[in-house]
Amino acid sequence: MWIQSLFLALLIVIFLQGRYFPRCNFKSLRYRRYFTPDVITEGESTTLVEHISNARLLPIPWVRVEAQLSPYLIFGSGTANPDAVKPDKYRQFHRSMFTLPAYTTITRRHNVTVPHRGYYAVPSVTMTTGDILGIGDRRSQDFETNTVLTVYPQLIPIEDLFRIRSSFTGDIVVRRWIIDDPFHIRGVREYQPTDPQNRVNWKATAKTGQLQVHNYDYTADVRLMILLNVDTDENQWSVTTDEPCAERAISIAASIAQYALESGVETGFAANGKYIDDPESPMRLEPCSGDSQLQTILLTLAKLTLLRRVTFHTFLKEEYDSGVTGMDYLVISAYTNEEIDDALQKLRDAGNNVEMLTVERTPKEELHAAD
C-alpha cells in the first residue's frame, strides 16, 4: 500500500513541478547583455557579455536565450573575411543555455570579430524555460536588451590614399582645403609620425625636450562638404550591385573627413543613402569642426545603408536648391552622367568649389567569384 502512496505522491510532485516552473521561472529571472567596447572599427574584435541571474530560493532548471543577429558578427575563431559572409539580409541565431541554482548570477563572455562596418542593434532576446523533466509546457518571453554595436568604416592613411590615386578613374586634386599655407604659422604642437621633417621647430624642441613642429594656418576660412553617392551604376535598382566599390567609397569619405577635421577644416557630410535606424530622414551633417564632428560622421557612415533614398542627381538638385554658396564640395561617386554633371555645374555657378573623385568599380570576375 505504501508503494502506491509513494507512487501517487511522486506523480503529484511531477505534475506540480511541471506547472510551477514554467509559470514562475520568469518572475525571478534577470538578464543583461552588452558589448565591450561597443564602438570598434571594421576588422576589430569586441566582447559580448551576458549576465543572467536567479533571484529566488528555488533553482531554475534550464533557460535558453536566443537572439537574431547579423552574420557579420563572427563568434569565436570564425573567419573575419567579409566576402565569406552572406549579405546582411540573411541572419544568424545566437543561443545560450543556462542552469541557475538559487540566488545565482552567471556571466558569459563571447569573443566577436566584425569584418564589416555597420550599426548592429539587438533590441531584445527571446528566453524559453520549462520544468526539470521537460514534460510540462515550455514558455517563452521577450526581454528588452537595447544592445548596440557600432562598427566604423576602415580608415585609409591619407598618404596611402594619394599614393593609390591611380586606382581611381578620376584624379584627386589637392585644393586649399587639404594644403597648409606655409606663410601663416599659428604656433607649435607635438610631432606626429605623419609630419614632414621640414616642419620641425628646433627652438621649441630644445625648450620642451620633446620634438615640436610648426602648426600652420590657412589663407582663408574653408568649409568642406563631402557628398557620397551610394549607387555604383546609373542603371541599377535601389540596391547596389557592386558592394565592394560602395564600401571603398565609404572608407575614402571617412578617411578624408578625418584628415580634414584633424587639419582644422570645418567638414560636413551628406549622402543619398538611408539610415539603418531612420530610413526616411535625409542624411546630411552641416560642416563643423572638432573631434565630436568626426565621431558623428563616423557614426553616420556606420549607420549608412546602400539603399538609396533618392537618385544622386536628385540629391544634388536638393543641395543646390537649398541655396548653398561659398562651399568646397568633394563629390565621391563610382560614375557620372549628364544629369549629374549638369547638377555639379549648377553648384559651381552658385559660387561653390566642386571637385569629383571617381572610385574604381570592382572587376566583374571578382564579383562573380564572390557569388
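These legends describe close-up views of a predicted model.

**View 1. A salt bridge joins Glu247 and Arg117.** The closest N and O atoms of the pair are 2.8 Å apart. The two residues come from distant parts of the chain, 130 residues apart. Glu247 sits in helix H4 (residues 243-262). Arg117 sits in the loop between strand E7 (104-113) and strand E8 (118-129). Glu247 is buried, at 14% relative accessibility. Arg117 is buried too, with a relative accessible area of 4%.

**View 2. Asp231 and Arg308 meet in a salt bridge.** The N to O distance is 3.0 Å. Asp231 lies in the loop between strand E12 (223-228) and H4, and Arg308 lies in strand E16 (residues 304-308), so the bridge ties together parts that are 77 residues apart in sequence. Asp231 is buried because its relative accessible area is 2%, under the 20% cut-off. Arg308 is partly exposed, at 21%.

**View 3. Asp321 and Lys317 form a salt bridge within helix H6.** Their side chains meet at 2.7 Å, N to O. The helix covers residues 312-321. The partners are 4 residues apart, so about one helical turn separates them. Asp321 is partly exposed, with a relative accessible area of 48%. Lys317 is also partly exposed, at 41%.

**View 4. Salt bridges link Arg284, Glu286 and Glu319 in a network.** The model's count of salt bridges comes to 9.

**View 5. Five acidic residues form a negative surface patch.** The patch is made of Glu234, Glu338, Glu339, Asp341 and Asp342. Asp341 belongs to helix H7 (residues 338-349). Asp341 is partly exposed, with a relative accessible area of 37%.

**View 6. Helix H5 has the span expected of its length.** H5 runs over residues 291-303 and holds 13 residues. At 1.5 Å a residue, the helix should span 18 Å. Its end C-alpha atoms are 19 Å apart, which agrees. The buried residues of H5 are Gln293, Leu294, Ile297, Leu298, Thr300, Leu301, Ala302 and Lys303.

**View 7. Lys303 and Asp278 are 9.2 Å apart, C-alpha to C-alpha.** In sequence, 25 residues separate them. Asp278 lies in the loop between strand E14 (273-275) and strand E15 (283-288). Asp278 is partly exposed, at 35% relative accessibility.

**View 8. The C-alpha atoms of Val39 and Val151 are separated by 5.9 Å.** Along the chain, the two residues are 112 residues apart. Val39 lies in strand E2 (residues 39-41). Val39 counts as partly exposed, at 39% relative accessibility.

Key:
Residues numbered from 1 in each chain as written. Predicted model: local features only at pLDDT ≥ 70, side-chain atom pairs only at ≥ 80, totals over all residues. Heavy atoms only, no water. Patch = residues over 30% accessible without salt bridge, like charges linked within 9 Å, V, L, I, M, F, W, Y side chains within 5 Å. Areas by Shrake-Rupley, 256 points an atom, 1.4 Å probe, with all protein chains shown as cover. Salt bridge = Lys/Arg side-chain N within 4 Å of Asp/Glu carboxyl O. Lys, Arg positive; Asp, Glu negative; His and termini not counted. Charge placed at Lys NZ, Arg CZ, Asp CG, Glu CD. Buried < 20%, exposed > 50% of the residue type's maximum accessible area, 1.4 Å probe, protein only. Expected span 1.5 Å × (residues − 1).
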